[in-house]
Amino acid sequence: MRVGLVGFKSSGKTTVFNALTGQKAEVGGYAAGKVNLGVIKVPDPRVDALSEICKPEKTTYAEVTFADVPGFEAGKGLDSSALTHLRDVDAFAHVVRAFGDAPAAARDIRDLEVELVLADLAVVEKRLERLKKEKGKPGEKELLEKVGAKLSAETPLRAAGLSADEEKALSSFAFLSQRPMLYVLNVSEADAGKAAGQEVVAAAASAPVVVLSGRAEMEIAELAPDEQTAFLADLGLGEPARARFIRACYSLLDLISMFTVGEDEVKAWTIHRGDHARKAAGKIHTDIERGFIRAEVIRYEDYVTYKTEARCREVGKLRLEGKDYVVQDGDVVHFRFNV
Ligand SMILES: Nc1nc2c(ncn2[C@@H]2O[C@H](COP(=O)(O)OP(=O)(O)OP(=O)(O)O)[C@@H](O)[C@H]2O)c(=O)[nH]1
Ligand SMILES: [Mg+2]
């Protein structure tokens, strides 16, 4: 799962990237053209609690990869290298400058959205042009015309009310405006504890907005844990924005966690909301997916209450589920399989 930190030049993407990943990539645009990549753990108090109970040798959190993409030139449209970077990520975190001189956050939000829409419209028009000469799939032309009309009205495809079947039919086009979007409002230190203004919220349409100060967060990330708490309190914050932001990305992508527990390892596995047990098993190993027999499932809350699988079984909190069971966020799962 790759989330792209994207936006116009000098909005603070690399600063935010450093805050998230603890890396020390060069800020100030000196490393122009370079994409920085970082893998981060998704903070999850449930993993901590399970680990506390099981005392495993190893504790493994879910992970998200962040890509820090070079900034786009305002007012110039997206060039081919910008489009390549955008196509390479599953979701966008648009880092918007709201610090320093004359920030125009709402305008930046709308401008990038329009760029995504225009890039998609170009793809639609090119394909429709081709369909004058060749025969497409049944219904393809009609669907592309519908999509083209939405885009012409500057509606991003993620907000176009497409059905699941339509989305599936369009998946090979890899439209940019269809991908999940989240806004990072990069504010000055003084504004770190405040909520986003009305104009920004309106421009963001219904996409989530995370307010943070990239510079302050980067400094916090460099401190020892006990110093971090004091610094955060000074800024009027309870936890680093980093934790909020990472969780927001996770839910934006409609990802959930299931857990496996044992003496050797407590581990969070990233799956999609709606995944069936057999598919979820395949995350762990294809053998488990192939030889799937059943899933033994305990709710996270029950596991924390009764502490062991055996005790959960005794009190009737361990359920046996088949391959079509839809795994729920927080399920503690033990797969039985045979190969
Ligand atoms: N005051 C203040 N300055 C910041 C903040 N975040 C970034 N900056 C400054 O803004 C400048 C650009 O920051 P970068 O993180 O390099 O921005 P970028 O978006 O990666 O820039 P490009 O990759 O060139 O598009 C640097 O001088 C940063 O120190 C912030 O929260 N507050
Ligand atoms: Mg940068």
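## Cavity and its lining

A cavity is here a set of grid points where a 1.4 Å probe fits but cannot get out, and a residue lines a cavity if one of its atoms lies within 4 Å of such a point. In this predicted model, the count comes to one cavity of 30 Å³ or more. The largest cavity has a volume of about 40 Å³. V16, A19, L20, L212, G214, E217, A241, R242 and F245 form its lining. Two or more residues of that lining are supplied by each of α1, α8 and α10, the last of which spans 241-252. By class, six of the lining residues of the largest cavity are nonpolar, one is polar and two are charged.

## The largest pocket

The largest pocket holds about 620 Å³ of space. Three elements give two or more residues to its lining: α1 (13-21), β6 (181-187) and α8 (214-221). In total, 31 residues line the largest pocket, and S10, G12, T15, G28 and G29 lie nearest its centre. This lining divides into nine nonpolar, 14 polar and eight charged residues.

## Ligand 1 and its surroundings

Which space does ligand 1 take? Ligand 1 occupies the largest pocket. The elements α1, β6 and α8 each give two or more residues to the shell around ligand 1. Of these contributions, the largest share of the shell comes from α1, with three residues.

There are 17 residues around ligand 1, and those that come nearest are G12, K13, T14, T15 and G28. The shell around ligand 1 comprises three nonpolar, eleven polar and three charged residues.

## Contacts between ligand 1 and the backbone

Polar backbone atoms of S11, G12 and G28 are found at short listed distances from oxygen atoms of ligand 1. For G28, the distance from a polar backbone atom to an oxygen atom of ligand 1 is 2.6 Å. For G12, the corresponding distance is 2.9 Å. For S11, a polar backbone atom lies 3.1 Å from an oxygen atom of the ligand.

How much of the area of ligand 1 does the protein bury? Taken alone, ligand 1 exposes 650 Å², and the protein buries 82% of that.

## The second largest pocket

The second largest pocket contains about 460 Å³ of space. Its lining consists of M1, V89, D90, Q178, R179, P180, L252, L253, D254, L255, H272 and R273. Six of the residues that line the second largest pocket are nonpolar, two are polar and four are charged.

## K194 and its contact

Where in the chain is K194 placed? K194 belongs to the loop between β6 and α7, the latter spanning 198-203. The side chain of K194 makes a polar contact of 2.7 Å with the side chain of D191. Along the chain, K194 and D329 are 135 residues apart, and 30 Å separates their C-alpha atoms.

Definitions and conventions
Residues are numbered from 1 along each chain as its sequence is written. Chains are lettered from A and ligands numbered from 1 in the order in which they are written. This is a predicted model: local features need pLDDT of at least 70, side-chain atom pairs count only at pLDDT 80 or more; totals for chains, interfaces and linings use all residues. Side-chain values use heavy atoms; hydrogens and water are left out. On a 1 Å grid over the protein atoms alone, a cavity is a set of points where a 1.4 Å probe fits but cannot get out, and a pocket is an open set with protein on both sides within 12 Å along at least five of seven lines; lining residues have an atom within 4 Å of a point. Grid points are joined across faces, edges and corners, and a volume is the space filled by probe spheres set on the points. Helices (H or I, at least four residues) and strands (E, at least two) are DSSP runs, numbered from the N terminus. Ala, Val, Leu, Ile, Met, Phe, Trp, Tyr, Cys and Pro count as nonpolar, Asp, Glu, Lys and Arg as charged, and the others, Gly among them, as polar. A residue is near a molecule or strand if one of its heavy atoms lies within 4 Å of it. A polar contact is a pair of N or O atoms within 3.5 Å; within protein, one must be able to donate a hydrogen and the other to accept it, and residues adjacent in sequence count only if both atoms are side-chain atoms. Accessible areas come from the Shrake-Rupley method with a 1.4 Å probe; for residues, only the protein chains shown count as cover. A molecule sits in a cavity or pocket if more than half of its atoms lie within 2 Å of its grid points.
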